[in-house]
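Student: I have a new model open and would like to learn how to read its empty spaces and packing. Could you walk me through it?

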Amino acid sequence: MVEIATAAPADRRLPVELSTTSVGRFERIEFTFPIQAVAENPYDPLEVDLRVEMVTPSGDRLTLPAFYYQPYEKISRPGRAEGGELWYPSGPALWKARFAPSETGRYRAWALLTDRAGTVQSEEFTFESRPSARRGFLRVSTNDTRYLEFTDGTPFFAIGQNVAFIKEVALQGEMLRRLGAAGGNFARVWACAEDWGLGIEARKSAWGRSWNWNPPLVVSPDATGFHANRLCVKLSGEAGAAVTMNPSQPVVLRTQTAYTFRLSYRTEGQAEASFDLAGPQTLPSRRQWSPYTLAFTNQNWAVLPQMVFRLNRAGAVYMRDFSLQEARGGPELLEEADPNRPVLGVYNARDCFYLDQILETAEQSGVHLQIVLFTRDHYMHHLRQAGGRAYRTATDYARRLLRYAVARWGYSTHVAAWEYFNEMDPGLPTEPFYTELARYLDTVDVYRHLRVNSTWHSPSKDYAHPDLDAANQHHYLRPPSGDIWKDEVASITTQFELNRDRLKDRPLFFAEYGITDANWQRAPQLDQDQEWVHLHNGLWLTLALGYGSTVCHWYWDDIHRRNAYPVYTALARFARDIPFNRGQLKPTPALATPPLKAFGQKGDGLAYFWIWHPQATWWNLAMEKQEAPLVSGAALELAEIPAATCQAQWFDTRKGQSLQEITLPVKEGRIKMAIPDFRRDVAVKIRWQIRGQ
């Protein structure tokens with residue numbers, strides 16, 4: 001828990017610092033509140049409710065939640081294996097609010113703080129919003145609900161992948177930069193990992209890991225254990241028995257800085273323990289809880305070394321109240337060592353700061369993020385009985401986290417969607433949960449970000465939930481599905497038909513894709529597909545079928561390590577002028593010379609198709625080493641074109657270049673055109689002027 005000093009209500013002020021007084025439309029303005037508030041848990045709005053009330057230029061009133069913020073600074077350590085980049089909490093925590101105006105003109109605003117000491121209001125402040133080139137926030141298109149569009153009506157087709165959980169924020173940022181540079185505009189990012197990645201609300205413990213959870217934690221052997229079920233660390237056994245304090249995130253230290261390490265402990269029998277920190281330390285026998293304090297100056301450690309507590313004499317030692325702070329005071333550095341740190345309702349300050357960095361990189365790279373917020377396994381067991389106390393508890397915690405997410409990251413037009421869970425159990429009664437969250441978001445998310453979810457089975461009942469905006473399909477090529485896993489085109493087409501039938505007025509995103517073995521683990525065959533044929537074909541097919549996104553590959557580390565990013569470039573060039581949200585596009589059959597297959601759509605004045613040879617599967621090319629034949633002399637026929645002539649542009653799907661542009665006569669509403677010679681696949685756009693326009 002965080003203790004924040006009290007202040008007498010009569011002395012309280014609520015100062016506000018503005019990052020600017022003139023901000024572009026849909027750009028960020030930040031308000032900082034250098035205040036003290038009274039709370040044990042500053043993430044709980046029932047303890048600290050800081051908000052900004054606004055009047056827009058058109059006279060609407062908005063309420064903007066603020067958030068608790070711990071600043072960090074970068075500390076470079078040249079030569080470190082992780083790249084030399086470390087982040088250290090700098091200065092005291094404070095409160096901030098972030099906002100992106102959707103109107104131009106003058107905004108009036110004031111802040112309100114309510115905590116245990118009462119309510120205080122700031123003086124009124126103003127800022128101006130000016131025009132900008134920003135397109136706004138993403139929403140489901142009203143013209144074609146299969147696709148997204150920006151506030152200004154610009155269409156958005158999601159081209160991207162997963163960049164879900166990575167230990168190093170710098171590496172995750174580099175992946176987003178490379179994706180954006182290659183033409184990608186979408187990534188699915190987890191803020192819900194446990195201790196293996198970024199997890200805002202998750203268990204990160206210095207005493208164990210999620211994949212082998214067996215921590216040395218017991219209820220305190222005294223009245224605090226009896227009355228409050230308070231936990232502590234137990235070290236017991238014969239002399240030499242040990243427990244290790246090993247935080248999941250490195251505890252960064254400043255050099256040449258004085259620190260104070262503290263803990264409380266008690267022993268049974270003649271037990272005695274020792275540990276090493278700036279020299280050997282001893283915990284002598286104590287029958288009652290006793291404090292232990294160590295002052296030391298860090299000379300050259302970049303991070304706190306792993307601490308091993310070892311019994312010198314047989315028995316048991318109980319430990320709790322671990323703390324590490326600069327001697328002059330400052331943020332707590334050993335939060336992970338607290339055995340009683342709540343899992344829900346308290347957020348990881350460093351991971352929140354990391355998500356700031358990731359989002360800023362996404363903004364710079366032109367990538368829009370679908371952020372998975374809730375750590376599923378800490379909520380799932382609460383959601384088994386709708387209407388029960390546990391269900392209501394989970395809903396309350398979820399609302400709290402949504403409030404924080406909206407306050408901290410909701411300003412960004414590059415937040416495409418809030419995804420509640422990754423692969424929730426589709427059999428649980430989650431419908432009321434999502435309805436309650438939607439109602440709450442309607443009150444706090446003034447930007448109306450998209451709300452989505454995924455389950456471990458696609459399709460699911462979520463596809464028709466009225467308060468979810470898009471469907472998330474997860475599907476992998478894997479051996480138990482039969483030989484169809486060797487043919488990605490047949491597999492994706494089958495899945496598209498299955499999932500589309502369950503949709504209700506929303507886009508279908510192909511949110512996870514790849515090649516796995518029978519146990520859903522990375523398949524060894526992935527290394528054999530050196531040309532990423534299964535990804536290439538998946539990208540072009542999902543564009544042609546009418547998905548709201550391309551396939552989003554799961555194995556981001558392989559994409560990065562093998563530099564597969566260029567596979568996105570040609571498709572991004574081809575798709576950038578397609579009017580997805582206003583062209584009245586519909587899946588359309590076209591006749592290609594057998595055995596070729598043509599997939600595509602036709603609308604008002606435009607048709608586009610991907611033509612593919614059935615021998616050009618990833619299995620044939622990568623595993624069987626059988627190249628598809630050269631296609632020569634083939635033709636494509638298309639009907640129901642209301643024009644006298646049309647223009648066709650043939651496109652190289654790998655080089656991203658135009659192969660040929662021709663003008664064709666339309667006879668009785670039909671065209672028949674020669675397909676340029678190609679191997680594997682080729683694409684075409686056909687345009688015409690509708691008669692009478």
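**Reading cavities, pockets and packing**

Tutor: Happily! Let us start with an enclosed space: the second largest cavity is lined by Asn453, Ser454, Thr455, His457, Ser458, Ser460, Asp462, Tyr463, Leu468, Ala470, Ala471 and Asn472. Keep in mind that this is a predicted model.

Student: How is such a space found, and what volume does the second largest cavity have?

Tutor: Rolling a probe the size of a water molecule over the atoms shows where empty space is left. Here the second largest cavity holds about 50 Å³. Its lining comprises 7 polar, 4 nonpolar and 1 charged residues, and strand 30 (residues 470–474) contributes the most, 3 residues.

Student: How many cavities of 30 Å³ or more are there, and what lines the largest cavity?

Tutor: There are 3 cavities of 30 Å³ or more. The largest cavity has a volume of about 90 Å³, and its lining includes Pro42, Tyr43, Trp95, Arg400, Arg403 and Tyr404. Helix 5 provides the largest share of that lining, 3 residues. By class, the lining has 9 nonpolar and 3 charged residues, with no polar ones.

Student: Arg403 is on that list. Which residue does Arg403 form a salt bridge with?

Tutor: Its partner is Asp49, and the closest N and O atoms are 2.8 Å apart. This pair joins distant parts of the chain: Arg403 belongs to helix 5 (residues 389–409) and Asp49 to strand 4 (residues 49–55), 354 residues apart. In the whole structure, a search finds 45 salt bridges.

Student: Now for an open space. Which residues lie nearest the centre of the second largest pocket?

Tutor: Those are Trp190, Arg376, Asn422, Glu423 and Glu512, out of 35 lining residues. The second largest pocket encloses about 900 Å³ of space, and its lining splits into 13 polar, 12 nonpolar and 10 charged residues. Helix 4 (376–379) and helix 7 each give at least two residues to this lining, with helix 4 supplying the largest share, 3 residues.

Student: Helix 7 comes up there. How do I read its packing against helix 9?

Tutor: Two packed helices are described by the angle between their axes and the distance between the axes. For helix 7 (residues 488–500) and helix 9 (residues 533–545), the axes come within 9 Å and cross at roughly 35°. The crossing is right-handed. On the helix 7 side, the contact involves Glu488, Val489, Ile492, Thr493 and Phe496, while the helix 9 residues include Val533, His534, Leu541 and Leu545. By class, this contact has 6 nonpolar, 5 polar and 1 charged residues.

Key:
Residues are numbered from 1 along each chain as its sequence is written. This is a predicted model: local features need pLDDT of at least 70, side-chain atom pairs count only at pLDDT 80 or more; totals for chains, interfaces and linings use all residues. Side-chain values use heavy atoms; hydrogens and water are left out. Axes are lines fitted to C-alpha atoms, for helices over the stretch in contact, and angles run from 0 to 180 degrees between N-to-C directions. Helices (H or I, at least four residues) and strands (E, at least two) are DSSP runs, numbered from the N terminus. A crossing is left-handed if the near helix is turned anticlockwise from the far one by less than a right angle, and right-handed if clockwise. Contact means heavy atoms within 4.5 Å. Ala, Val, Leu, Ile, Met, Phe, Trp, Tyr, Cys and Pro count as nonpolar, Asp, Glu, Lys and Arg as charged, and the others, Gly among them, as polar. On a 1 Å grid over the protein atoms alone, a cavity is a set of points where a 1.4 Å probe fits but cannot get out, and a pocket is an open set with protein on both sides within 12 Å along at least five of seven lines; lining residues have an atom within 4 Å of a point. Grid points are joined across faces, edges and corners, and a volume is the space filled by probe spheres set on the points. A salt bridge is a side-chain nitrogen of Lys or Arg within 4 Å of a carboxyl oxygen of Asp or Glu.
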